[in-house]
Amino acid sequence: MNPNKALWEKGDFTRIAATMRESGEALVQRLGIRRGMKVLDLGCGDGTTALPAAKLGAEVVGVDIAANLVEAGNRRAKEMALANCRFQEGDASNLHELPDRAFDRVMSIFGAMFAPKPNDVAKEMVRVTRPGGRIVMGNWIPGDPTLVAQILKISSAYAPPPPEGFVSPMTWGIESHVIERFVAAGIAADNIRFSKETFTFNFPGSPSAFVDEFRKYYGPTMNAFEAAEKDGRAVDLEKELEDLFTAQNKSQNDNVTSIPATFLRVTVEV
Ligand SMILES: C[S@@+](CC[C@H](N)C(=O)[O-])C[C@H]1O[C@@H](n2cnc3c(N)ncnc32)[C@H](O)[C@@H]1O
């Protein structure tokens, strides 16, 4: 089994995605998507950004490596009666099923950053975008003090070391790496722009209940807990995450946890 696919099919990312809907919708509103545009959402999960793009009238294809998330996305599209949005399985490092120059917008919000072979990912995104079209990525930033970068940092300290040659997904949050990858894919450096933006997670429960949700359903955290349990360190991991979530919670309401996280938005004019 492809370990990248196994990681994301392991849990149930729809449980985390449910806390990301408002920011997903708000981000899509800022991408200049109009009725009739052809939009690809790579690493789309269950449609946090694909479905809002379809609501704007675009023809949307969502591609994700995890079969369970593709199924969940198609179910949600049906429930919302959005016939202009379909989800299919695929790998961001090799989009052989998609033709060249097919999309006006290619977006990947915390999606393609998790695919192996980042240079191939950049080449594939450029290949399927039409000249004059645009690629937008949302990538978590290594060393950033906010939520997701810290969850991934803490989790990786408990998980076994990655295999040799593994390129960290977090390198997509470093501008020089992003430029290098897109320039190698034929894009002029002047056509790549960066900004730091915020995505807010809203969970209907306490910070520790939200940690529990990551422990049960978010592949990278599930793996970290499995490794920590073997080493007798699960309590330490739980405490580190609870301290993090509690410190970053901005909600005044005990029944809601609301945590903003900073990401790097990458915009590439093709
Ligand atoms: C953190 S989730 C984000 C999902 C969605 N974009 C969202 O914002 O809700 C990462 C997603 O990337 C997908 N993914 C990971 N590796 C992939 C690959 N090689 N090709 C396509 N999708 C991939 C995972 O299955 C998962 O749905």
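Begin at helix H7, whose buried residues pack against strand S5 (129-140), strand S6 (192-203), helix H9 (207-217), H10, H11 and strand S7 (257-269). Keep in mind that this is a predicted model.

**Stop 1: helix H7**

Select residues 147-158 to show H7. This helix has twelve residues. From first C-alpha to last, H7 reaches 17 Å, close to the 16 Å expected at 1.5 Å a residue. Is H7 mostly covered or mostly open? Mostly covered: nine of its twelve residues are buried. Colour them in: Leu147, Val148, Ala149, Gln150, Ile151, Leu152, Ile154, Ser155 and Tyr158.

**Stop 2: the largest nonpolar core**

Next, look at the largest nonpolar core, which holds 86 residues. Select Leu40, Trp140, Phe182, Phe201 and Phe245, the residues that touch the most other members. Which element gives the most to this core? H7 does, with seven residues.

Now centre on phenylalanine 245. Leave aside its neighbours within four places in sequence. Phenylalanine 245 is then in contact with Leu147, Ile151, Pro207, Phe210, Val211, Phe214 and Ile259. Two of these names should be familiar: Leu147 and Ile151 are among the buried residues of H7.

**Stop 3: helices H10 and H11**

Select residues 219-230 for H10 and residues 234-248 for H11. These two helices pack at an angle of about 140°, and their axes lie 7 Å apart. H10 and H11 are therefore oblique to each other. Show side chains at the contact. H10 brings Thr221, Ala224, Phe225, Ala228 and Glu229, while H11 brings Ala234, Leu237, Glu238 and Leu241. By class, that contact has six nonpolar, one polar and two charged residues.

**Stop 4: glutamine 252**

Follow the chain out of H11 into the loop that leads to S7, and stop at glutamine 252. Is glutamine 252 buried or exposed? Its relative accessible area is 78%, so glutamine 252 is exposed. Try a distance from here to tyrosine 217. The two residues are 35 residues apart in sequence and 26 Å apart in space, C-alpha to C-alpha.

**Stop 5: isoleucine 187**

Move to the loop between helix H8 (175-184) and S6, and select isoleucine 187. With a relative accessible area of 7%, isoleucine 187 is buried. Which residues does isoleucine 187 contact, leaving aside its neighbours within four places in sequence? Val126, Phe182, Ile192, Val268, Glu269 and Val270. Phe182 also appeared at the core stop, among the residues that touch the most other members.

Draw a line from isoleucine 187 to arginine 233. They are 46 residues apart along the chain, and their C-alpha atoms are separated by 46 Å.

**Stop 6: threonine 49**

Go to the loop between strand S1 (38-42) and helix H4 (50-55), where threonine 49 sits. Threonine 49 counts as buried, because its relative accessibility is 5%. Not counting residues up to four places away in sequence, threonine 49 touches Gly24, Val28, Asp41, Met107 and Ile109.

**Stop 7: helices H1 and H5**

Finish with another helix pair. Select residues 3-10 for H1 and residues 67-79 for H5. The pair packs at an angle of about 50°, with axes 8 Å apart. That makes H1 oblique to H5. Where they meet, H1 offers Lys5, Trp8 and Glu9, and H5 offers Ala67, Asn68 and Leu69. By class, this contact has three nonpolar, one polar and two charged residues.

Key. Residues are numbered from 1 along each chain as its sequence is written. This is a predicted model: local features need pLDDT of at least 70, side-chain atom pairs count only at pLDDT 80 or more; totals for chains, interfaces and linings use all residues. Side-chain values use heavy atoms; hydrogens and water are left out. Axes are lines fitted to C-alpha atoms, for helices over the stretch in contact, and angles run from 0 to 180 degrees between N-to-C directions. Helices (H or I, at least four residues) and strands (E, at least two) are DSSP runs, numbered from the N terminus. Angles under 35 degrees count as roughly parallel, over 145 as roughly antiparallel, 65 to 115 as roughly perpendicular and the rest as oblique. Contact means heavy atoms within 4.5 Å. Ala, Val, Leu, Ile, Met, Phe, Trp, Tyr, Cys and Pro count as nonpolar, Asp, Glu, Lys and Arg as charged, and the others, Gly among them, as polar. Buried means under 20% relative accessible area, exposed over 50%, partly exposed in between (1.4 Å probe, protein chains only). The expected span of a helix is 1.5 Å times one less than its number of residues. A nonpolar core is a set of buried Ala, Val, Leu, Ile, Met, Phe, Trp, Tyr and Cys residues joined through side-chain atoms within 4.5 Å.
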